[in-house]
Amino acid sequence: MPFDPSLIHPDDAPLRADGDLDLPDDLSVLAEQLADDAAHLSARYPADRELQVALAADLIQSAERIKRRSWRSAAFVAGAALASLAAIGLTLSMWAAANNRPTTTDLATSPDVPASATLPDELPALLPGSLAAPSPTALSLGELSAPEMEALFDLLQRDPNHASSISF
Amino acid sequence: MGLFDLDETARQHFARIHRAALVLCGNPWDADDLAQETFLVLARQGSNFQGRSSIYTWLYGILLNLDRRERRRYGMRRRKLRVLWDNQPADVGTTPGADAAAEVSEWKKSLWARVAKLPDGQRQALVLRFSESLRYEEIAEVLECPLGTVKSRIFHGLAGLRRILEEEGEDARQLPAYPGEDLSHAV
């Protein structure tokens, strides 16, 4: 549809001195007729009283529903916030624990670690390369799997002359 | 809700909103729906009402927005009306008991059916002024436009209405007033 510039009117309505619209006679007649028609339609089809009652019930239900929904939303948001906080806290604590855990190198060089915590000289050769690699004299038991740990205990028992101890 | 009581607001203003809905959509069924929906929007979004205007001007704003949305959705003739409009035989106005069709023709022969052909801004200004008797300042508030624009829309709306009538071959001066229950001249 082509643009019709006549659809856009400037504010050019004729006005009387008091600021009211100065309508020509034929438009005044139309205005009166519009008011009459509206009054007639309204009188002929008034707002239904039952409809108003139904509306009131709807409004009450709607308000209750909105209240319930807002409570549910608030509970959901609070739950999500708590869950997020818990997840962040857990992540941070795991990260901190990972950073604070002594490495095998730490164990070997720390003056607090007793000499008895070190493994027999020949033991590293028996262990998997990755476990023996960090230090030839110390081993972090935390990195051992259950079968590996069992094997370690067997070795220690088999060599009673070699004093060994385990510290956690 | 804080600034108003829902029940009380519905009791006070439902009739006027219903009347505006009636002239906007042209049949009582859609008017019922539109008026009810207006108040349901009020129930849902009442917290947005800040009390800077009166509650009924705010309600008119909701009503006009809903009507505009419906028109976009279904065109000028609303869904229920269209069914009746299209199926209505020419002599239905004289048929006893054909209430629904008669109701349609009531609006169809009124000037408001012609107003429905005008652009939205003019149509809404005419409804608020001549059906609802709002002051120009109140109309400006509802339509969110300057006072001069309101007067201009009313003036050009009436002029557009006159043009439509001329195109239909009717003279505005000779339009019949409502003839009571006599529907013999109904379309």
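These exercises walk through a predicted model of chains A and B.

**Exercise 1. Helix H2 of chain B**

Find how the span of helix H2 (residues 28–45) of chain B relates to the expected span.

Solution. Start with the length: H2 has 18 residues. At 1.5 Å a residue, 26 Å is expected. From its first C-alpha to its last, the helix reaches 25 Å. That is close to the expected value.

Next, list the buried residues of H2(B).

Solution. They are Pro28(B), Asp30(B), Ala31(B), Asp32(B), Leu34(B), Ala35(B), Gln36(B), Thr38(B), Phe39(B), Leu42(B) and Ala43(B).

**Exercise 2. The side of chain B that touches chain A**

Describe what each chain brings to the contact, then break down the side of chain B.

Solution. Count first: chain B gives 42 residues and chain A gives 35 residues. Now look at the elements of chain B that give two or more residues. They are helices H1 (6–25), H2, H5 (99–108), H6 (111–115), H7 (120–131) and H9 (147–168). H9(B) gives the most, with 11 residues. Last, sort the residues on this side by class: 26 are nonpolar, 8 polar and 8 charged.

**Exercise 3. H1(A) against H7(B)**

Work out how helix H1 (residues 25–44) of chain A is placed against H7(B).

Solution. Take the angle: about 75 degrees. The axes lie 9 Å apart. Angles of 65 to 115 degrees count as roughly perpendicular. H1(A) and H7(B) are therefore roughly perpendicular to each other.

Then name the residues that meet. From H1(A) come Ala31(A), Leu34(A), Ala35(A) and Ala38(A). From H7(B) come Leu126(B), Phe130(B) and Ser131(B). By class, this contact has 6 nonpolar, 1 polar and no charged residues.

Technical notes: Residues numbered from 1 in each chain as written. Chains lettered and ligands numbered in written order. Predicted model: local features only at pLDDT ≥ 70, side-chain atom pairs only at ≥ 80, totals over all residues. Helix = DSSP H or I, 4+ residues; strand = E, 2+ residues; numbered from the N terminus. Expected span 1.5 Å × (residues − 1). Buried ≥ 20, exposed ≤ 12 C-beta atoms within 10 Å, placed from the backbone. Contact = placed C-beta atoms within 7 Å. Nonpolar A, V, L, I, M, F, W, Y, C, P; charged D, E, K, R; others polar. Axes fitted to C-alpha atoms, helices over the stretch in contact; angles between N-to-C directions. Parallel < 35°, antiparallel > 145°, perpendicular 65-115°, else oblique.
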